[in-house]
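Subject: Handover of a structure

Dear colleague,

Please find the structure below, followed by an account of what was found in it.

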Amino acid sequence: MRVRFAPSPTGYLHIGGVRTALFNWLWARKKAGAFVLRIEDTDQERSTEASKQVILDSLKWLGLTWDEGPLFGGLGGGAHGPYLQMERLALYEKHADQLVAEGKAYRCTCTKEQLDAAREALKAKDPKANFRYPGTCRDAGHPKSSKHVVRFKVPTEGVVRYADLVFGEVVTPNAAQQDFVLLRSDGVPLYNFGAVVDDLTMGITLVARGRDHMVNTPPQIMLYEALGAQPPQFAHLPMMLAPSGEKLSKRHGAVSVGEYLDNGFSPTALLNYLVRFGWSFGDEEVFSLQDMIDKFDWARCNKSDGKFDAKKLAAINHEHLKQERLTPLETYVASVTPFLEKRGLDVVRDPRQRDLLRAAIPHVRERAKTYLEAAESLDFFLRDAPVFDEKATAKFLVAAAKPTLTEMADLVEGVADFTIEGLSAAFAKWLEAKGVQIKDVAQPARVALTGRSVSPGLYETIHVLGKARTVERLRAGAARIA
RNA sequence: GGCCCCAUCGUCUAGCGGUUAGGACAUCGGCCUCUCACGCCGGUAACCCGGGUUCAAUUCCCGGUGGGGUCGCCA
């Protein structure tokens, strides 16, 4: 069993593309097959080395590792390479020659300009008209030269029929096709031909891709048959649209994987959101990577297009960050660290900082929807002194709070059982003696300790900070009050 | 317009002839509470329309309508 993901390196990796890659990857992992990555760089106008790197980088960040494909960070290689189409040109020429020799394709000397003009003329006369290549060179028998394309001789009768793993039986009349181009005049293949020759020579047994490619399947099947080969299985996935129902693009929010990385999303959570898009497993919504592999199946895919929902993605992400099962502590530490570093906090070299981080994370994980937010909430734990929020300071670090903070510092200094329970008990006793409630004193203490009016619970915060820091901050807080 | 595809709450979806049509997100109440969250309880909210088939259709069939994809020497 061999599947592939074949992006073209013409920009960032789109999350719709990630969904396609994911479904292929899951199937390969589930069936112990091979997940092949192929770069379709035959559009020389738009393909760039930089976007190829971005795509490889994005896939690696997501954990969608390829068994065969371009070499990158320890991945790639394989017996069916090269995995860049521009390095496979001889293969396409060979197959095109074969088809021409067998009379299944022909050389066409009509120029792009001529055809464009004809197309324009027809459009001008009737905007809804259906332009088709008129077949000028179909039986001309042009010899091989430098100035021709190779076209496929589409059978004029019959139908193409295939059993889509998601959509069921699809039947298309051959007459709906025109004689499409296989090879450009410079010898570079067009999409359908390149994809078929590569899928064939790479031994791909199942092609899963977006429904926007469904229209390519009949001509591709014709090519397999012309080449005397058995077509692979096909599975088309419903489309992911923008909330407005139009094509999902940048103006609908983040669509490139890089933006999710930068905004502090968990790669697994992103995949979890995407796997539920066009696929379901009863009422289950939250999956680990292994859950997805175990449960994924084409039969549970559905056929109707959907709309991207950023709020649901955020909720799934939050769910992943909350659960230790889905995001183990060490993963959390590693993932949040870059965001802490962006705030000027070094947790890589200082083991004490790492310990503090480990202790603090359980208290912020249910509060932070992203690693970016988590870094914000974790900030004061890791800093020598909190950064004071102006509004919070003005509201809570007021004259009446000054003696309270000093007393609280004394209290904490004397707590022998420095656990959350011990602190809670000590505070309870103190509060009772004072005749006040925790809510009367919590906010000034919170601001003194964290610099903000929002934080984890007071006792939890004190516990993680430790006695010395707590006492120091409470006294410093009191000192800030004139 | 040709060809292809689709149709359950606002959104993602469960359902595979008989259900008070379920869940999640979002939304609106409430509880919990030292802040913010988390958590918990509850509410509003859907089978596109019309014909068949059937004792019985959200479910099967046909038609309509609506939406989407695609019609390149792009992928």
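In which helix is the place of His95? His95 is in helix H3; helices (H or I, at least four residues) and strands (E, at least two) are DSSP runs numbered from the N terminus.

Before going further, please note that this is a predicted model, in which local features need pLDDT of at least 70 and side-chain atom pairs count only at pLDDT 80 or more, while totals for chains, interfaces and linings use all residues. Residues are numbered from 1 along each chain as its sequence is written, chains are lettered from A and ligands numbered from 1 in the order in which they are written, and side-chain values use heavy atoms, with hydrogens and water left out.

His95 and helix H5

His95 is buried, with a relative accessible area of 8%; buried means under 20%, exposed over 50% and partly exposed in between, with a 1.4 Å probe and protein chains only. Leaving aside neighbours within four places in sequence, His95 is in contact (heavy atoms within 4.5 Å) with Phe193, Val197, Thr201 and Leu227.

Helix H5 (residues 191–201) is largely enclosed by the rest of the structure, because 8 of its 11 residues are buried. Phe193 and Val197 are among those buried residues. Their cover includes helix H3 (89–101), strand E9 (181–183) and helix H6 (217–226). Just after H5, Gly203 takes a positive phi of about 70°.

Arg151

Arg151 lies in strand E6 (residues 149–152). Arg151 is buried yet has no salt bridge, that is, no side-chain nitrogen of Lys or Arg within 4 Å of a carboxyl oxygen of Asp or Glu. The nearest side chain of opposite charge, Asp179, is 6.7 Å away; Lys and Arg count as positive and Asp and Glu as negative, with His and the chain ends not counted. The side chain of Arg151 does, however, reach the backbone oxygen of Asp179 at 2.8 Å.

RNA strand B

RNA strand B is surrounded by 66 residues, the closest being Thr42, Asp43, Arg184, Gly278 and Ser455; a residue is near the strand if one of its heavy atoms lies within 4 Å of it. Of the strand's atoms that come within 4 Å of the protein, sugar and phosphate account for 67%.

Base nitrogens of the strand lie 2.9 Å from a polar side-chain atom of Lys312 and 2.5 Å from a polar backbone atom of Ser455. The elements that give two or more residues to the surface near the strand include E6 and helix H10 (310–322).

Yours sincerely

Note on methods:
A polar contact is a pair of N or O atoms within 3.5 Å; within protein, one must be able to donate a hydrogen and the other to accept it, and residues adjacent in sequence count only if both atoms are side-chain atoms.
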